[in-house]
Amino acid sequence: MKYLTEYRDAELVAGVMREIKRVTTRPWTLMEICGGQTHSIVRYGLDQLLPPEIELVHGPGCPVCVTPLEQIDRALAIAARPDVIFTSYGDMLRVPGSNRDLFSVRASGGDVRVVYSPLDALKLAQANPEKQVVFFAIGFETTAPANVMAVMQAKNLGLTNFSVLVSHVRVPPAMRAILGSPSNRVQGFLLAGHVCAVMGYHEYPPLLETYRVPMAITGFEPLDLAQGILETVRMLEAGQVEIKNAYARAVTFDGNQPAQKMIQQVFMECDRAWRGIGVIPASGWCLRPEFDDFNAEKRFDVGEILTQESPLCIAGQIMQGLKKPHDCAAFGKQCTPETPLGATMVSSEGACAAYYKYGR
Amino acid sequence: MSEIDITGAVCPVPLSHNEQIVMGHGSGGRMAHDLIRKVFLPAFDNPALAAGDDGAVLDLPAGRTVVSVDSHVVFPLFFPGGDIGRLAVCGTVNDVAVMGATPLYLTAGFILEEGLPLETLRRVVESMKQAADEAGVKIVSGDTKVVERGKADGLYVSTTGVGILPEGREISGRRAQAGDAVILSGPIGDHGIAVLAARGELGFETTVQSDCAPLNGLAAAVLAAGDDIHVLRDPTRGGVATTLNEIARQSGVCITLNESALPVRPEVASACEMLGFDPLYIANEGRMLVILPRAGADEVLAAMRASKYGEGAVVIGEVSAAPAGRVLMKTPYGSTRVVDMLAGEMLPRIC
Ligand code: SF4
């Protein structure tokens, strides 16, 4: 991990910040797509170091935050079944569904377990043949390779007690939705470095053509973020519309092709609802029909789901860059990390949680 | 004749159950006595315990009496750098020590799960003895209960500590004042990461050892070197961030930390990086925070560095008047952020 320290070097960051100040002549609104980047920006206070002309708005790239309510309610229904071991990343346990969360399912006797990888869930399935093991497969392009790997392995092993509840989302369709909205404010994008590490950036030129906004592929460390911002501001100031790769140590144009191929074998595109935003066409991945046996939605009859979102929560507008967490009347009052009303207050990558935690 | 030797009899007699805990060990009857005689007494040998009465009669030196209780449910029972026994002794010794008191006596209550190997209990008790010897405290009263298999996870230990606080000494989380310095005795996050690794939850190998240690020697060194110590605390569950938040609220002051000064081992930092944790919120079991007027800090720092478990002591921050009740962090980039309390459970059963 030693290589990271270089990308946290205060002197280097200060140098890039000076350069950003020097090239900025007008106000610009930039969006970082990825929740990991939102978290880093707020944690390191990088937004405080930018010239006042530059505003960062926080995108929808937090998988926990955008997982739709009906999918969480399905998870709750499946997790409550006595024959099920329900596995999930830790953050999901506190995300409020319509009337409870996975923690309360666990407290009432449901077998809900935190895993760090879907392959751990697969091991649980092998070790507990009398139980149905379900993994909550949420995430962006970054978690897709591990999730499809788990499904492929389950198929190869002939497991009949493993399934996944898929709620996968993809970045480019979400960007299209934001840019295509009449109320859009975003003038430049910091593209999510980890997503591009898997997918490359061949999906972005069409967006560039249609919407004419510059983009910089950006990493997660303070220096990476500062450089991504600098590249984007430089392009904006010069009237250039391009994709710059400011994260070349991890990202190539084509990305990780074997991983992409594997994803294609297991997943196909589908429409997906984003919590707080609504249905975005072709914005999700779901299991191909040949993997129906591993599809938790098919295996368990979870019936019609009627959802009930908190009327106070404006997370959808925050994730489209229209509002900031402070604009929400419930922020820090009815809604805190202990009693979240919306998912953006739960995940450490959610803008509301980051603002709350670091005291903005 | 109080004891009948039945080991040679041929009639249906109770098995001797020398291998594992059974319900009878909690009966209060012969088996319970057997357990005390064979496991506890040899380790915790002292007159108060050996007297075999329902309570210990203690002669306390002059001063005010400090009492503190702590229960321990750590899983797994053994982890790199410690075990539930060492933890149970150190945790309570440290709670008494950071009150400014000299810990003298402990009591120990055990909840044992049916089926627990006796050998495991022996190892835990032996470790408690070693930790108690190191801390210079005596375990003077104990209790054992057994619950059915599946109703507990191996064993739980609850300890109560008794110590003496000299007249006139007042160490409290309410006493931090503007102008004070904040000293931390060593690197943070070791215990939490070591336990997580021992559980196999990291998915990778690490060499991190728990920092679990009795801190009464270190506390004594601090109190000898500084005549105006305001606060002592051991930042256990919730980590340094949570403990400092408690102090900031209790005292109505602002504590500002310097991120570049925070000691974190590279192994802990990279484990946290991968898991998305912040070392500031990870539990420690052998670290101490000291808050005292800036003027006396150098002397106390030197005394800490010269004593066992304080070698890594550094000044990590300072106390100011406003904003009251807040903990702030100065980043290396010149920005500032708020360091809040931990929300909810991050790592269950680490102590
Ligand atoms: S503060 Fe809470 S209620 Fe308001 S937008 Fe954020 S998550 Fe929703």
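**Figure 1. Salt bridges between chain B and chain A.** Across the interface of chain B and chain A there are 3 salt bridges. The model shown is predicted. One close-up centres on Glu273(B) and Arg8(A), which form a salt bridge. The closest N and O atoms of Glu273(B) and Arg8(A) are 2.7 Å apart. Polar contacts between chain B and chain A come to 7 residue pairs, both partners at pLDDT 80 or more.

**Figure 2. The side of chain B that touches chain A.** Two elements of chain B, α8 (266-275) and β13 (336-338), each supply at least two residues of this side. The largest share comes from α8(B), with 4 residues. By class, the side of chain B that touches chain A holds 9 nonpolar, 5 polar and 7 charged residues.

**Figure 3. Extent of the contact between the chains.** Chain B brings 21 residues to the contact, and chain A brings 23 residues. Between them, chain B and chain A bury about 1,800 Å². Carbon and sulfur atoms account for 53% of that area.

**Figure 4. The two domains of chain B.** The domain assignment splits out domain 1 (15-165) and domain 2 (180-338) of chain B. Their C-alpha centres lie 28 Å apart. In contact are 20 residues of domain 1 of chain B and 22 residues of domain 2 of chain B. The area buried between these two domains is about 1,700 Å². Carbon and sulfur atoms give 62% of it. On the domain 1 side, Pro80(B), Asn94(B) and Val98(B) lose the most area to domain 2 of chain B. Together, these three residues make up 31% of what that side buries.

**Figure 5. Polar links between the domains of chain B.** The count between domain 1 and domain 2 of chain B is 1 salt bridge. Lys308(B) forms a salt bridge with Glu134(B). The closest N and O atoms of this pair are 3.6 Å apart. Across the interface of the two domains, 10 residue pairs are in polar contact, both residues at pLDDT 80 or more.

**Figure 6. The side of domain 1 of chain B that touches domain 2 of chain B.** The elements giving two or more residues to this side are β2 (78-79), α3 (84-97) and α4 (118-135) of chain B. Of these, α3(B) gives the most, with 8 residues. By class, this side of domain 1 of chain B has 13 nonpolar, 4 polar and 3 charged residues.

Notes
Residues numbered from 1 in each chain as written. Chains lettered and ligands numbered in written order. Predicted model: local features only at pLDDT ≥ 70, side-chain atom pairs only at ≥ 80, totals over all residues. Heavy atoms only, no water. Domains from an automatic or database assignment. Contact = heavy atoms within 4.5 Å. Buried area = accessible area lost by both parts, 1.4 Å probe. Salt bridge = Lys/Arg side-chain N within 4 Å of Asp/Glu carboxyl O. Polar contact = N/O pair within 3.5 Å; in protein donor to acceptor, adjacent residues only side chain to side chain. Nonpolar A, V, L, I, M, F, W, Y, C, P; charged D, E, K, R; others polar.
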